[in-house]
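Reader: I am in my first year and still learning how to read a structure. Please choose a single part, look at it closely, and then show me how it sits within the rest.

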Amino acid sequence: MLLDPSIFKQTYVEDCEVCCNPIQLTPVFEANELVSFLAEDIEQ
């Protein structure tokens with residue numbers, strides 16, 4: 001997975017490479033460095 005560090009905080013949905021269920025991804029960057037990463041299952 002490629003992340004864009006030029007955007008401070010971003011949220012997007014991507015399908016899991018293993019089970020194909022949607023996952024909400026929230027990476028947070030400071031000074032182009034990843035400081036936080038959250039991945040949540042949004043399958044309903």
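Author: Let us begin with N21, which is found in the loop between strand 1 and strand 2, and keep in mind throughout that we are looking at a predicted model. With a relative accessibility of 28%, N21 counts as partly exposed, because partly exposed covers the range between under 20%, which is buried, and over 50%, which is exposed. If its neighbours within four places in sequence are set aside, N21 is in contact with E14, D15, C16 and E43. The last of these, E43, is 22 residues away from N21 in sequence, yet the two C-alpha atoms lie 6.3 Å apart in space.

The cysteines deserve a careful look as well. What is the count of disulfides in the structure? There are zero disulfides, and C19 accordingly belongs to none, although the sulfur of C16, the nearest cysteine sulfur to that of C19, is 3.6 Å away. A disulfide requires two cysteine sulfur atoms within 2.5 Å. For C20, the closest cysteine sulfur is that of C19, at 6.8 Å, which is too far for a bond. The surroundings of these residues can be described too: C19 is partly exposed at 44% relative accessibility, whereas C20, at 55%, counts as exposed.

From the loop we can move to the strands that it joins. Strand 1 and strand 2, the latter made of residues 22-30, pair in the antiparallel sense over four bridges, and within this pairing Y12 stands opposite L25 of strand 2. In general, the strands of a sheet pair through backbone hydrogen bonds, in either a parallel or an antiparallel way. The sheet here is open, with three strands in the order 1-2-3 and antiparallel pairing. Strand 1 (12-15) and strand 3 (33-41) each have a single partner strand and stand at the edges, so one side of each has no neighbour in the sheet. From one strand to the next, the twist averages 35°.

Two residues in the segment before strand 1 make a useful contrast. Q10 lies in that segment and is buried, with a relative accessible area of 13%, while S6, whose place is also in the segment before strand 1, counts as exposed at 59% relative accessibility. D4 takes part in a polar contact with each of them: the side chain of Q10 reaches the backbone oxygen of D4 at 2.7 Å, and the side chain of S6 meets the side chain of D4 at 2.7 Å. Leaving aside neighbours within four places in sequence, Q10 touches D4, L25, T26, P27 and F29. As for S6, its C-alpha atom is 20 Å from that of A39, which is 33 residues away along the chain.

Finally, we can step back to the whole chain. Its secondary structure comes to zero helices and three strands, so its elements, read from the N terminus, run β-β-β. The C-alpha atoms fill a box of roughly 35 × 15 × 10 Å along the principal axes, and 16% of the 44 residues count as buried. The chain exposes about 3,500 Å², of which carbon and sulfur atoms supply 52%. Among the contacts between residues at least 6 apart in sequence, 16% join residues at least 24 apart.

Note on methods
Residues numbered from 1 in each chain as written. Predicted model: local features only at pLDDT ≥ 70, side-chain atom pairs only at ≥ 80, totals over all residues. Heavy atoms only, no water. Pairing = 2+ DSSP bridges. Axes fitted to C-alpha atoms, helices over the stretch in contact; angles between N-to-C directions. Buried < 20%, exposed > 50% of the residue type's maximum accessible area, 1.4 Å probe, protein only. Polar contact = N/O pair within 3.5 Å; in protein donor to acceptor, adjacent residues only side chain to side chain. Contact = heavy atoms within 4.5 Å. Areas by Shrake-Rupley, 256 points an atom, 1.4 Å probe, with all protein chains shown as cover.
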